[in-house]
Amino acid sequence: EIRTVLTRLYDLPLQRSSVLNFETSLLYCARNLPQQQFITPPPFERYIDSKLPLVTKHLIENCTLVSDLLKLKMGRRKRYLYSLVKPSSREAMVGFHMITSNLSQLLSTLDKIRRKPKKFICLNDNMDASRPEDNQLIQAVLIDFFHSLFPKPSQFELPADYRNRYLYYNDFIVWQSKKKRLSRLLYATIAIAVVFTFGCLFHNECHKLKTRVRKRVHKIISRIKSSRRKLPTKL
């Protein structure tokens with residue numbers, strides 16, 4: 001988030017002097033700030049080697065070095081919250097960028113996106129497979145970039161420790177149908193095993209019950225036959 005603010009306060013490409021100047025202002029204000037209630041930093045919101053204090057609303061409000069700069073660059077608001085997009089300017093709403101294994105080019109590209117965010121962002125993977133170490137660093141920078149733009153995950157995202165096993169939806173449907181078949185087969189096997197176990201444990205009781213049922217059925221059948229014989233015949 002701080003780098004996003006820096007891209008909108010200073011000209012691109014960002015210079016190291018601008019970043020150090022902003023960090024120095026925050027450190028100076030944090031040292032001279034009256035003692036406030038300690039706030040625990042949110043998880044995964046700080047780098048291990050970060051020297052910056054926890055940037056809060058209270059810190060910015062009491063830091064004139066930063067607040068004046070924010071008011072100068074970002075203090076104006078548009079009169080209307082929404083605006084119509086002309087057909088000729090629709091292409092400007094889409095950002096298409098090629099991602100390579102060059103870290104400097106990637107940072108420059110991401111800073112441009114931060115400075116002027118688009119409605120749609122397309123990042124095309126054009127990394128060099130022969131540079132695995134650089135690619136790992138590129139992926140880490142991209143993850144940090146997306147976390148800064150979209151800190152709250154959507155309802156369709158998986159947790160951080162989970163990954164999709166299938167790239168295509170049809171493969172997922174095939175796996176789901178197989179899973180249903182296996183689950184039905186498992187339930188049927190368990191049911192047969194339960195019935196077999198019940199029959200083995202209560203064999204005598206089942207035999208007695210079977211005999212009683214047979215006798216009861218025979219009695220009912222005999223009563224029906226006898227009642228038919230006693231019916232008067234028609235003249």
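## A walk through the structure

Let us begin inside the protein: R114 is a buried residue, and D111 is buried as well. What you are looking at is a predicted model, so please read every detail below as a feature of that prediction.

These two residues make a good starting point, since they are partners. R114 and D111 form a salt bridge, with 3.3 Å between their closest N and O atoms. Side chains of opposite charge can pair when their charged atoms come close. Where do R114 and D111 lie? Both belong to helix α5, where three residues, or about one turn of the helix, separate them.

D111 has another partner too. R3 also forms a salt bridge with D111, and here the closest N and O atoms are 2.9 Å apart. This pair links distant parts of the chain, for R3 sits in helix α1 (residues 2-9) and D111 in helix α5 (residues 103-115), 108 residues apart. How well covered are the two ends of this bridge? D111 has a relative accessible area of 4%, which is under the 20% limit, so D111 counts as buried. R3, with a relative accessible area of 31%, is partly exposed. Put together, R3, D111 and R114 make up a network of salt bridges.

How many salt bridges does the structure hold? There are three. One of them still awaits its introduction: the side chains of D134 and R131 meet in a salt bridge, at 2.9 Å from N to O. D134 is partly exposed, because its relative accessibility is 33%. R131 is partly exposed as well, with a relative accessible area of 35%.

Now step back and take in the whole fold. The protein chain contains eight helices and two strands. If you trace the elements from the N terminus on, they run α-α-α-α-β-α-β-α-α-α. What percentage of the 235 residues of the protein chain counts as buried? The figure is 14%, and you have already met R114 and D111 as buried residues.

Next, look for the cysteines. C29 and C63 form a disulfide, and their sulfur atoms are 2.0 Å apart. A disulfide is a covalent bond between the sulfur atoms of two cysteines. Why is the disulfide of C29 and C63 right-handed? The reason is the torsion about its S-S bond, which is about 60°. C29 lies in helix α2 (residues 16-32), while C63 lies in the loop between α3 (57-61) and α4 (64-74), so the pair ties together parts that are 34 residues apart in sequence. C29 and C63 are each buried. The count for the structure comes to one disulfide. Another cysteine to find is C122, which is partly exposed because its relative accessibility is 34%.

From here, move on to the aromatic rings. A search of the whole structure turns up four aromatic pairs. In one of them, the rings of Y169 and F172 have their centres 6.3 Å apart and their planes at 40°, so the pair is tilted. A pair of aromatic rings is described by the distance of the centres and the angle of the planes. How are Y169 and F172 placed along helix α7? About one helical turn separates Y169 and F172, because they are three residues apart in this helix. Their cover is worth a look: Y169 is exposed, with a relative accessible area of 60%, whereas F172 is partly exposed, at 32%. Ring pairs also join Y169 and F172 with Y166 and W175, giving a cluster of these residues.

Follow helix α7 further, and you come to Y187, since this helix spans residues 169-201. Is Y187 buried or exposed? Its relative accessible area is 59%, which is over the 50% limit, so Y187 counts as exposed. Y187 has company on the surface: together with L186, I190 and V194 it forms a nonpolar patch. The accessible area of these residues together is about 430 Å².

Our last stop comes from a record. In an unreviewed entry, UniProt lists residues 185-204 as "transmembrane region". What does the model show over residues 185-204? The chain there is 95% helix and 0% strand, and its end C-alpha atoms are 30 Å apart.

How values were computed: Residues are numbered from 1 along each chain as its sequence is written. This is a predicted model: local features need pLDDT of at least 70, side-chain atom pairs count only at pLDDT 80 or more; totals for chains, interfaces and linings use all residues. Side-chain values use heavy atoms; hydrogens and water are left out. Patches are made of residues with over 30% relative accessible area and no salt bridge: like charges are joined within 9 Å, nonpolar side chains (Val, Leu, Ile, Met, Phe, Trp, Tyr) within 5 Å. Accessible areas come from the Shrake-Rupley method with a 1.4 Å probe; for residues, only the protein chains shown count as cover. A salt bridge is a side-chain nitrogen of Lys or Arg within 4 Å of a carboxyl oxygen of Asp or Glu. Helices (H or I, at least four residues) and strands (E, at least two) are DSSP runs, numbered from the N terminus. Buried means under 20% relative accessible area, exposed over 50%, partly exposed in between (1.4 Å probe, protein chains only). Rings of Phe, Tyr and Trp (its six-membered ring) pair if their centres lie within 6.5 Å; planes under 30 degrees apart count as stacked, over 60 as edge-to-face and the rest as tilted. A disulfide is a pair of cysteine sulfur atoms within 2.5 Å. UniProt positions are given in the numbering used here, feature names are shortened, and annotations may be inferred rather than shown by experiment.
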